[in-house]
Amino acid sequence: MAKPAPNRKAKAREALGPGTPVERLFAVLTLASKMGMISAADVVYMLDLPRPTAHRMIATLEELRFLQKMPVKGKYAIAPKLVGLATSILGSTIVYAPIQSLLTGLAQKTGETCGLAVMSSGEVEYIASVMGQSPLTLQFQAGQKAPLHSTSSGQVFLAGLGDDELAKFLASGPWEALTPKTITDPKAMKDKLRKVRADGFASNESEYIVGVVGAAVPIHGADNQVVAALTISAPRSRRTLDEVHAMVPTVKTYAERMRRSIAQQS
């Protein structure tokens, strides 16, 4: 007689299998990473844990800053601290080596600082950076964060959002002016993002740091969503924005190589 197919709850228990307290904590984190947001009720149902235990696990992870409360009542999601830990692990693994090699190659070819950025908790986070060999080179440290609205990488991520998500972001403006050239008006931002979508890259002249020009191109994942941005930056005293624009085809070539490298590892 054929065995009945396991239900969703049984599959979750089999996949996550919490036993010891440590295993249970990791199971809750795994569940949060898979579901995006979780509640204590989700933990009770999916992991077959008593309700007091579920609340205690979530409270512990929140205290450790691995989970954070979300605007939705009773919901929690992965916190930036855990994202930063994952970024550090990624940077030390062999999976990351081909990407780092490509980033180094781009910096050597252009002579300028090149970086790889992801979107984390509503900000841009640089997970890798290689300095150019030219004088007056800029430096961005791994783990450094920046606003979405004022950076070329952030504008690449914004341009890749769906219409509903983008509308929500635009409704959050106006934004802080970091320099006299920072775009703070939602209508002006919408116009620029329309151009970013059409051009396939975003450029920046002193919007984030006075005297710095740069550009960013998207790196797409399997579902065609923007998963990362490849950036190039230079001091305005040595490079004009037009000169940075002239490097964009090279940056796009390296972005495509990175996309293929990421796809091979997935």
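How many helices and strands are there in the protein? The model, which is predicted, contains 10 helices and eight strands. Of its 266 residues, 41% count as buried. The exposed surface of the protein amounts to about 14200 Å², and carbon and sulfur atoms supply 56% of that area. Where contacts between residues at least 6 apart in sequence are considered, 56% join residues at least 24 apart.

Helix α7, formed by residues 152-159, is largely enclosed by the rest of the structure, because eight of its eight residues are buried. The buried residues of α7 are S152, S153, G154, Q155, V156, F157, L158 and A159. The list thus includes polar side chains such as that of Q155, a residue whose side chain is joined to that of E207 by a polar contact of 2.9 Å.

E207 itself is placed in the loop between β6 and β7. With a relative accessibility of 7%, E207 counts as buried, because the cut-off for burial is 20%. Leaving aside residues up to four places away in sequence, E207 touches H149, S150, Q155, L178, T179, K181, T182, I183 and K192. Among them, Q155 belongs to the buried set of α7, and K192 falls within the range of α9 (186-199).

The loop that holds E207 also contains S206, between β6 (202-205) and β7 (212-220). The phi angle of S206 is near 65 degrees, a positive value in a residue other than glycine. S206 counts as buried, its relative accessibility being 10%.

A positive phi in a residue other than glycine is also found at D48, where the angle is near 60 degrees. D48 is situated in the loop between α3 (40-47) and α4 (51-63). Its relative accessible area is 43%, and D48 is therefore partly exposed. The two residues can be set side by side: S206 is buried, whereas D48 is partly exposed.

A further backbone feature concerns the peptide bond from G173 to P174, which is cis, with omega near 0 degrees. P174 lies in the loop that runs between α8 (163-171) and α9 (186-199).

Key
Residues numbered from 1 in each chain as written. Predicted model: local features only at pLDDT ≥ 70, side-chain atom pairs only at ≥ 80, totals over all residues. Heavy atoms only, no water. Helix = DSSP H or I, 4+ residues; strand = E, 2+ residues; numbered from the N terminus. Buried < 20%, exposed > 50% of the residue type's maximum accessible area, 1.4 Å probe, protein only. Contact = heavy atoms within 4.5 Å. Areas by Shrake-Rupley, 256 points an atom, 1.4 Å probe, with all protein chains shown as cover. Polar contact = N/O pair within 3.5 Å; in protein donor to acceptor, adjacent residues only side chain to side chain.
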